[in-house]
Amino acid sequence: MKRITILGATGSIGASALDVVQRHPERFRATALAAHRNAAALADLCARFRPQLAVIADPAHAPELRERLAAARIQCRVEAGADALIQAATGAHCDTVVAAIVGAAGLPSTLAAARAGKRLLLANKEAIVMAGPLLLAALADGGGELLPLDSEHNAVFQCLPGGRPDLAAAGVRRILLTASGGPFRGLKTADLTQVTPERACAHPNWRMGRKISVDSATLMNKGLEVIEAHYLFGAPAQCIEVVVHPQSIVHSLVEYVDGSVLAQLGNPDMRTAIACALAWPQRVAAGVAPLDLLRIARLDFQEPDIDTFGCLRLAYQALAAGGTATTVLNAANEEAVAAFLDGRLPFLGIAATIERCLEAVQTAPVGDLAALLDTDLTARRHAQRIISTLSTPTLSNS
Ligand code: NAD
Ligand code: MG
């Protein structure tokens, strides 16, 4: 029986993970659930899954959660605050942690799970982008194992020989990450001046949280994934390529020196990657419809348009710069995406903010968590200043 903590239980990945858990009560049990501030949604999940521990990150919402659980006569320990997230990630109640908090807010708990030697199922890609070397060191210290939930990295993981192989010794020439291209694929800069958050969040193939949906629209999601692949698989940047594949059926590919190219295919449904990681090395049903190749009929591949979607270029640039440049990239992106979703920044201002931030904020080798959070804060403050100069009157008045 795997005892699982789900950090970010009320989100899109959280829902998919709980769906897989529910299908296999004899194998999986959700022993702790954590969320940000939606007490009603978390209480509903507690009623369905009966965890030992429920954590609400924002303490202001803890009384509501306690009342709801008491009213429904559900016995479950309730904890609140940032330290409680760490407890949920490290306590004896779990051996497996699904890290599915969005953004930098997930870093401390993700790191803590790694250091505690839990089996870490990583969706929170911002954590590895911010703190790749720290996360790898924490995993080595804890002796646990990381299994990627991001569909591309899960695909690469499935196409590589077991463990975390030395890629050159394993004969790997390139990792090819596929990208759907998002809702604005094929558009040019002039078409993107007026796009709204609603259009940016209307992804053609995946239903996801709003932040990652905007990242998919700017191609920053793929940029973050290039950095994620670099750290997860020890691949140099020049061996990681992005190919646009509008159907989202081929989730990624690994090319070997003998000319073999292995790919993982499936319908675009996160439950495949989640079930794979939860049960690995076994396989369990995920509730995903079988792939109907005859109905799909064709698979297309295109080069990404990095002139229009500058975020992908900026991510490669930050990876090449090394150290905390990817921490700055992530912080600037989180601030810019939040401002765009709030109507305070035009869509094209996202890449502009990140570019200026990367130019202005000093970077250093990755140090400890405190130093990294300091860099994160400096970059956010800088990004906010840039955003205030880029926000248009029309947008801020609307
Ligand atoms: P979401 O917005 O749907 O859910 C986010 C979850 O994080 C919620 O449960 C929320 O309560 C929690 N959360 C937010 N801020 C928090 C805070 N300060 N403290 C504690 N909890 C907090 O997002 P999502 O789409 O599920 O994405 C989650 C992560 O998974 C992101 O890093 C995303 O990039 C990654 N990911 C998502 C998908 C997908 O299909 N949705 C695919 C690959 C990777
Ligand atoms: Mg992905």
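**Close-up views of a predicted model**

**View 1. Phe 301 sits in a loop between two helices.** In this predicted model, Phe 301 belongs to the loop that runs between α12 (293-296) and α13 (310-321). Its relative accessible area is 42%, so Phe 301 counts as partly exposed. Phe 301 also helps to make a nonpolar surface patch, together with Leu 265, Leu 293 and Leu 299. The patch covers about 340 Å².

**View 2. Three acidic residues hold the magnesium ion (ligand 2)****.** The protein donors are Asp 150 (OD), Glu 152 (OE) and Glu 225 (OE). They lie 2.1 to 2.3 Å from the ion. Along the sequence, the donor residues follow the spacing D-x1-E-x72-E. Asp 150 lies in the loop between β7 (146-148) and α7 (151-159), while Glu 225 is in helix α10 (residues 220-233), so this pair ties together parts that are 75 residues apart in sequence.

**View 3. Are Asp 150 and Glu 225 buried or exposed?** Asp 150 has a relative accessible area of 8%, so Asp 150 is buried. Glu 225 is buried too, with a value of 0%. The cut-off for buried is under 20% relative accessible area.

**View 4. Ile 350 sits among many partners in the largest nonpolar core****.** This core has 131 residues. Which of them touch the most other members? They are Leu 329 and Ile 350. Leaving out residues up to four places away in sequence, Ile 350 touches Val 214, Thr 218, Cys 311, Asn 333, Ala 336, Val 337, Phe 340 and Leu 345. In soluble globular proteins, nonpolar side chains tend to be buried together.

How values were computed
Residues numbered from 1 in each chain as written. Chains lettered and ligands numbered in written order. Predicted model: local features only at pLDDT ≥ 70, side-chain atom pairs only at ≥ 80, totals over all residues. Heavy atoms only, no water. Patch = residues over 30% accessible without salt bridge, like charges linked within 9 Å, V, L, I, M, F, W, Y side chains within 5 Å. Areas by Shrake-Rupley, 256 points an atom, 1.4 Å probe, with all protein chains shown as cover. Salt bridge = Lys/Arg side-chain N within 4 Å of Asp/Glu carboxyl O. Helix = DSSP H or I, 4+ residues; strand = E, 2+ residues; numbered from the N terminus. Buried < 20%, exposed > 50% of the residue type's maximum accessible area, 1.4 Å probe, protein only. Donors = N, O, S within 2.8 Å, 3.2 Å for Na, K, Ca; no water. Core = buried A, V, L, I, M, F, W, Y, C linked by side-chain atoms within 4.5 Å. Contact = heavy atoms within 4.5 Å.
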